[in-house]
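Please look over the sequence and the model before reading on, and keep both at hand while following the text.

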Amino acid sequence: MSKIIVEKPNQEKLLALGVSRWPTWSKEVSQFPWSFGTQEIAYILEGEVTVTPNGGEPVSFAAGDLVTFPAGMACTWNIKQALRKHYKLG
């Protein structure tokens, strides 16, 4: 199983990826199961989250982080502060 990758991108990388053109998604404080059918890259605009892959270690991220989730990963999301993110699938 691949891991969740969290990085602090600079403005140049965000521009190169075209993050500002990606759709956005928001979610209130909550906890829920999720599985990724395809790879997702997300840029966190607001909030604080811990994602725990099934059988794996928790990974936390917050505003300003660029997060890559591998295809096929099943996990549990724990949104600690309301989340708003840009995302790109595939």
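The paragraphs below go from the overall form of the chain to its nonpolar cores and then to four individual residues.

The model shown here is a predicted one, and its secondary structure consists of one helix and seven strands. Following the protein chain along its sequence, one meets these elements in the pattern β-α-β-β-β-β-β-β. The C-alpha atoms occupy a box of roughly 35 × 25 × 20 Å along the principal axes. The radius of gyration of the protein chain is 12 Å, which agrees with the value near 12 Å that a compact globule of 90 residues would have. Of the contacts with a separation of 6 or more, 76% join residues that are 24 or more positions apart.

The surface and the charges can be taken together. The accessible surface comes to about 5,200 Å², and carbon and sulfur atoms account for 51% of that area, while buried residues make up 38% of the 90 residues. The protein chain carries 9 positive and 8 negative side chains, and the centres of these two sets lie 4 Å apart.

Which elements give two or more residues to the largest nonpolar core? This core has 16 residues, and those with the most contacts inside it are I4, V49, V51, F61, F69, M73 and W77. The elements that give two or more residues to this core are strand 4 (40-53), strand 5 (59-62), strand 6 (66-69) and strand 7 (74-89). Apart from this core lies another, made of six residues, among them V19, W22, I41 and L66.

I4 makes a good starting point for a closer view, as one of the residues with the most contacts inside the largest nonpolar core. I4 sits in the segment before strand 1 (5-7), and its relative accessibility of 11% is under the 20% cut-off, so I4 counts as buried. Not counting residues up to four places away in sequence, I4 touches V51, P53, V59, V67, T68, F69, P70 and M73. The C-alpha atoms of I4 and P33, which are 29 residues apart along the chain, are separated by 16 Å.

T68, one of the residues that I4 touches, belongs to strand 6. With a relative accessible area of 14%, T68 is likewise buried. Leaving aside neighbours within four places in sequence, the contacts of T68 are with K3, I4, I5, Q39, E40 and I41.

R84 is found in strand 7, and at 32% relative accessibility R84 counts as partly exposed. Again leaving aside neighbours within four places in sequence, R84 is in contact with W25, S26, Y43, I44, L45 and E46. R84 and G47 are 37 residues apart along the chain, yet their C-alpha atoms are separated by 6.5 Å.

Is P23, the last of the four residues, buried or partly exposed? P23 lies in the loop between helix 1 (11-17) and strand 2 (24-27), and with a relative accessibility of 41% P23 counts as partly exposed. Its contacts, leaving aside neighbours within four places in sequence, are with K85, H86 and Y87. P23 and N54 are 31 residues apart in sequence, and the distance between them in space is 27 Å, C-alpha to C-alpha.

Technical notes. Residues numbered from 1 in each chain as written. Predicted model: local features only at pLDDT ≥ 70, side-chain atom pairs only at ≥ 80, totals over all residues. Heavy atoms only, no water. Core = buried A, V, L, I, M, F, W, Y, C linked by side-chain atoms within 4.5 Å. Buried < 20%, exposed > 50% of the residue type's maximum accessible area, 1.4 Å probe, protein only. Helix = DSSP H or I, 4+ residues; strand = E, 2+ residues; numbered from the N terminus. Rg over C-alpha atoms; globule rule 2.2 N^0.38 Å. Contact = heavy atoms within 4.5 Å. Areas by Shrake-Rupley, 256 points an atom, 1.4 Å probe, with all protein chains shown as cover. Lys, Arg positive; Asp, Glu negative; His and termini not counted. Charge placed at Lys NZ, Arg CZ, Asp CG, Glu CD.
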